[in-house]
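Here are my notes on the cysteines and the charged pairs in this one. Have a look at the model first, then read on.

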Amino acid sequence: MSKTDSTVTINNITPYLDEILDRLWTGHAAIMVGAGFCRNAIRNGPSVTEFPYWSQLGNIFYEKIHGEKPGDQQKYLNALMLADEVQAALGRPALDQILRDAIPNDQYSPSPLHTKLLELPWADVFTTNYDTLLERACNSVNDRKYDFVVNKEDLAYSEKPRIIKLHGSFPSVRPFIITEEDYRRYPSDFAPFVNTVQQALLENTLCLIGFSGDDP
């Protein structure tokens, strides 16, 4: 991309950034944090495993089921369907342990970006991540106190601003939402979380960070 192209792109998005800025500082912006934001975390050692992408999780599930890594000709539709297959073959506890082994939560510390994100005056912070990076980053935030919500039953007693874990939380707040069936049942099984996000959409500008265009 040339310097001219970059300038045109910045000019195109500036009105949207200004709108988000205005909504944020008037208390009417919320944020949804996805797995991509984990890649800003700080490794606690030189040989630490990276946080996996969806495709890498899919590869892990495939290998568990088939006993081999997927080759170029061995395509699968999506990681959620493979997670269903892992659960059917090995059971839910085994699937949960695969996630804990694949996502190196304890091997990373929050980065300054995590702290800076939480220092902003979000009405609420939603996340689909299982890791505890955001919770630990709160220890470095002085001007704001977040309530942590990891169970739908806790919503009624929580106060804004909150960090709301929509898909479970390590080490053991389950289910970890990962299978296609989990996603299908989510609106009924976790209706309070769905309603809270819908209400946030009505009241706030919702920003997405750490998501790609083809996330499930």
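1. A quick word on terms before the cysteines: a disulfide here is a pair of cysteine sulfur atoms within 2.5 Å. Bear in mind that this is a predicted model. With that cut-off, searching the whole structure turns up zero disulfides.

2. So why does C38 stay unpaired? Its closest cysteine sulfur belongs to C138 and sits 15 Å away, which is too far for a bond. Seen from the other end, C138 is in no disulfide either, the nearest cysteine sulfur being that of C38.

3. Are these cysteines buried or exposed? C38 is buried, at a relative accessible area of 3%. C138 counts as buried too, with 15% relative accessibility.

4. On to the charges. Side chains of opposite charge can pair when their charged atoms come close. The search of the whole structure gives 12 salt bridges, and a few of them deserve a comment.

5. Take R39 and E50, whose side chains meet in a salt bridge at 3.3 Å, N to O. R39 is in the loop between β1 (29-33) and β2 (42-43), while E50 is in the loop between β2 and α2 (54-66), so this pair ties together parts 11 residues apart in sequence. As for exposure, R39 is partly exposed at 30% relative accessible area, and E50 is partly exposed at 40%.

6. R162 and D124 also form a side-chain salt bridge, with an N to O distance of 2.6 Å. Here R162 belongs to strand β6 (residues 162-165) and D124 to the loop between α5 (112-119) and β4 (125-127), so the parts tied together are 38 residues apart in sequence. Both R162 and D124 are buried.

7. What about a pair within one helix? The side chains of E181 and R184 meet in a salt bridge, again listed at 2.6 Å, N to O. These two residues are three apart in helix α7 (residues 180-189), which means that about one helical turn separates them. E181 is partly exposed, with a relative accessible area of 32%, whereas R184 is exposed, at 57%.

8. Which residues are linked in a network of salt bridges? They are R92, D96, R174 and D182. I'd pull up these four together when you go through the charged side chains.

Methods
Residues numbered from 1 in each chain as written. Predicted model: local features only at pLDDT ≥ 70, side-chain atom pairs only at ≥ 80, totals over all residues. Heavy atoms only, no water. Buried < 20%, exposed > 50% of the residue type's maximum accessible area, 1.4 Å probe, protein only. Helix = DSSP H or I, 4+ residues; strand = E, 2+ residues; numbered from the N terminus.
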